[in-house]
Amino acid sequence: MLSDNTMPSASNTLGSPQGDSELAPLRAKSGWIVALGVVYVIAGFVALGSIVIATVASVLIVGVMMIVAGVAELINAFQIKSWGKFLIWALLGVLYIVAGFVTFENPLFAAVLLTLLLGASLVASGVVRIFLAFNMKREMPWIWVALSGVITLLLGLLILARWPVNSVYILGLFLGIDLIFAGAGWIGLGFGLHRTPASRPT
């Protein structure tokens, strides 16, 4: 029978040579991870410097995603034997593809619609968070959920209040901020891996 001292603990596992062997490939590429983060941050600042172009780029990305989703819907439709479900899936696929090509034909119009959807989604998300916060138990950190809901709600109302004038820069602004935060995350991960020493086997 094994004693309690022979059972591995979570801390021993994380600091064990096995854990180091799992992190070794990432640690070896920490420089590339930092470089990727720097590229993301630079791209984010470039997007913020030319918000209109970034907005168009984000709309085109959405268009590509819609076309890919439409093709996937059509592929799934041909795998369904029921005619009713086949027609529904095929119709959804065609609509996605058409919407994607319309986005390419008129990206500014698509930006107007996407900005409206973004503002409405933020308002709905904020209302739901506030509702959930006031229905949480008082001993839980409900105040932070309510605060995030209020911020999201105000952001959505601000977008809707300036719509459609702000459609030429809102999506690009969000894209730039997202790239900067994503890049900062990659840089932090890369430096963290670089500074973590590998444990030596005893």
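**View 1. Leu91 lies in helix H5, which covers residues 83-105.** Helices here are DSSP runs of H or I with at least four residues, strands are runs of E with at least two, and both are numbered from the N terminus. The model shown is predicted, so local features need pLDDT of at least 70 and side-chain atom pairs count only at pLDDT 80 or more, while totals for chains, interfaces and linings use all residues. Residues are numbered from 1 along each chain as its sequence is written, and side-chain values use heavy atoms, with hydrogens and water left out. Leu91 has a relative accessible area of 53%, so it is exposed. The cut-offs are these: buried is under 20% relative accessible area, exposed is over 50%, and partly exposed is in between (1.4 Å probe, protein chains only). Leu91 also belongs to a nonpolar surface patch of about 570 Å². Its partners there are Ile88, Trp89, Leu92, Leu95 and Tyr96. Patch residues have over 30% relative accessible area and no salt bridge; like charges are joined within 9 Å, and nonpolar side chains (Val, Leu, Ile, Met, Phe, Trp, Tyr) within 5 Å. A salt bridge puts a side-chain nitrogen of Lys or Arg within 4 Å of a carboxyl oxygen of Asp or Glu. Areas come from the Shrake-Rupley method with a 1.4 Å probe; for residues, only the protein chains shown count as cover.

**View 2. The whole protein has eight helices and zero strands.** From the N terminus on, the elements run α-α-α-α-α-α-α-α. The protein has 202 residues, and 27% of them are buried. It exposes about 13800 Å². Carbon and sulfur atoms supply 76% of that area. Now take the contacts (heavy atoms within 4.5 Å). Of those with a separation of 6 or more, 76% join residues 24 or more positions apart.

**View 3. Helix H4 (residues 51-77) holds Glu73, and Gly70 sits in H4 too.** Glu73 is buried, with a relative accessible area of 17%. Leave aside its neighbours within four places in sequence, and Glu73 is in contact with Trp89, Leu92, Gly93 and Tyr96. Gly70 counts as buried, at 0% relative accessibility. Leaving out residues up to four places away in sequence, Gly70 touches Gly93, Tyr96 and Ile97. The C-alpha atoms of Gly70 and Trp89 are separated by 9.3 Å. Along the chain, these two are 19 residues apart.

**View 4. Helix H3 (residues 30-49) has a buried face.** Its end C-alpha atoms are 29 Å apart, which agrees with the 28 Å that 20 residues should span at 1.5 Å a residue. That expected span is 1.5 Å times one less than the number of residues. Buried in H3 are Ser30, Ile33, Val34, Gly37, Val41, Gly44 and Ala47. Seen down the axis, they fall within an arc of 140°, so they line one face of the helix. The arc is that of the directions from the helix axis to the C-beta atoms. The face turned away carries the exposed residues Trp32, Val39, Val46 and Gly49. Ala35 is found in H3 as well. It counts as partly exposed, at 34% relative accessibility. The C-alpha atoms of Ala35 and Gly183 are separated by 9.2 Å, although the two are 148 residues apart along the chain.

**View 5. Helix H6 spans residues 107-134.** It has 28 residues. From first C-alpha to last it reaches 40 Å, close to the 40 Å expected at 1.5 Å a residue. Its buried residues include Gly119, Leu122 and Val123. Pro107, Thr115 and Ala133 are also among them.

**View 6. Helix H7 covers residues 142-161.** Its 20 residues reach 28 Å from first C-alpha to last, close to the 28 Å expected. Trp142, Ala146, Gly149, Thr152, Leu153, Gly156 and Ile159 are buried in H7. They cover an arc of only 150° around the axis, which puts them on the same side of H7. Trp144, Ile151, Leu154, Leu158 and Ala161 are exposed on the face turned away from the buried side.

**View 7. Gly156 lies in helix H7.** Its relative accessibility is 0%, so it counts as buried. Gly156 touches Gly119, Leu122 and Val123, not counting residues up to four places away in sequence. Its C-alpha atom is separated from that of Leu118 by 7.4 Å. Gly156 and Leu118 are 38 residues apart along the chain.

**View 8. The loop between H7 and helix H8 (170-195) contains Pro164.** Most peptide bonds are trans. The bond from Trp163 to Pro164 is cis, with omega near 0°.
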